[in-house]
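Reader: I should be grateful for a close look at one part of this model. Please take a single helix and its charged contacts, and then set them beside the other charged contacts of the chain.

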Amino acid sequence: SHDAGPPTAIAQVREAGVPLMMLNGEHSVEGVRLRIREVAEAVGLQQRGEEIVADLNNDLGRVRAFLSERSKRPSVVFIYARGQGTMMVAGRKTSANMMIQLAGGANPIQQYEGYKPLTLASASDGVEIVISFDDRTFHFDTNDHEIGEEIQDLRAKHDRDPANYPK
């Protein structure tokens, strides 16, 4: 997307003759649909792209149905561990913030745009769900049993190897 960079790295890739496609970077459901279709067209698999969009629409429908039965939206913080001792927390106008919203959550970190270093303790105060990942591992923690089960169900749908599930 146009979020990629730095610009000098993008220029070097282009100068090296590597095919490079800049995708739509809009952080919305429609932006995701558009990126799926752009990639599918680029690799000549438009029909498969439409199937993936249909799966996305079905998954979002399941989330909306699940959330319609809840009285409130859970607070969710997205934390990215960028190496030793550096935690980056997603604020407004990030793909992580959009994922939280699409899943029916509310990101309480709205005081800034982008990612900022923050401690896990200060980012998770009063939050129901914490999602984090490092270079190899996805983690989540929740005090809401129903949400935890839903997350496990969605992960099982997309990750067929139980050995890859967090403990």
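Author: A residue is called buried when its relative accessible area is under 20%, exposed when that area is over 50%, and partly exposed in between. The model is a predicted one, and the part chosen here is helix 3, residues 46-68.

By the cut-off just given, the buried residues of helix 3 are G49, V53, D59, L60, V63 and F66. The length of the helix can be checked as well. Helix 3 has 23 residues, and at 1.5 Å a residue they should span 33 Å; the end C-alpha atoms are 33 Å apart, so the expected and computed spans agree.

The charged contacts of this helix come next. Within helix 3, the side chains of R48 and E51 form a salt bridge, with 3.2 Å from N to O. These two residues are 3 apart in the helix, which means that about one helical turn separates them. Neither partner is among the buried residues: E51 is partly exposed because its relative accessibility is 35%, and R48 is likewise partly exposed, with a relative accessible area of 42%.

A further salt bridge leads out of helix 3. The side chain of E50 meets that of R37 at 2.7 Å, N to O. Since R37 belongs to helix 2 and E50 to helix 3, this pair ties together parts that lie 13 residues apart in sequence. Both partners fall in the intermediate class of accessibility: R37 is partly exposed at 32%, and E50 is partly exposed with a relative accessible area of 36%.

Helix 2, residues 29-42, also has a salt bridge between two of its own residues, E30 and R33, which are 3 residues apart and therefore separated by about one helical turn. The N to O distance between the side chains of R33 and E30 is 3.2 Å. E30 counts as partly exposed, because its relative accessibility is 43%.

The structure holds 5 salt bridges. Elsewhere in the chain, R92, K93 and E113 are linked in a network of such contacts. K93 deserves a closer look within that network. K93 lies in the loop between strand 2 (87-90) and helix 4 (95-102), and its phi is positive, about 55°, although the residue is not a glycine. With a relative accessible area of 60%, K93 is over the 50% cut-off and therefore counts as exposed.

Definitions and conventions. Residues are numbered from 1 along each chain as its sequence is written. This is a predicted model: local features need pLDDT of at least 70, side-chain atom pairs count only at pLDDT 80 or more; totals for chains, interfaces and linings use all residues. Side-chain values use heavy atoms; hydrogens and water are left out. Helices (H or I, at least four residues) and strands (E, at least two) are DSSP runs, numbered from the N terminus. The expected span of a helix is 1.5 Å times one less than its number of residues. Buried means under 20% relative accessible area, exposed over 50%, partly exposed in between (1.4 Å probe, protein chains only). A salt bridge is a side-chain nitrogen of Lys or Arg within 4 Å of a carboxyl oxygen of Asp or Glu.
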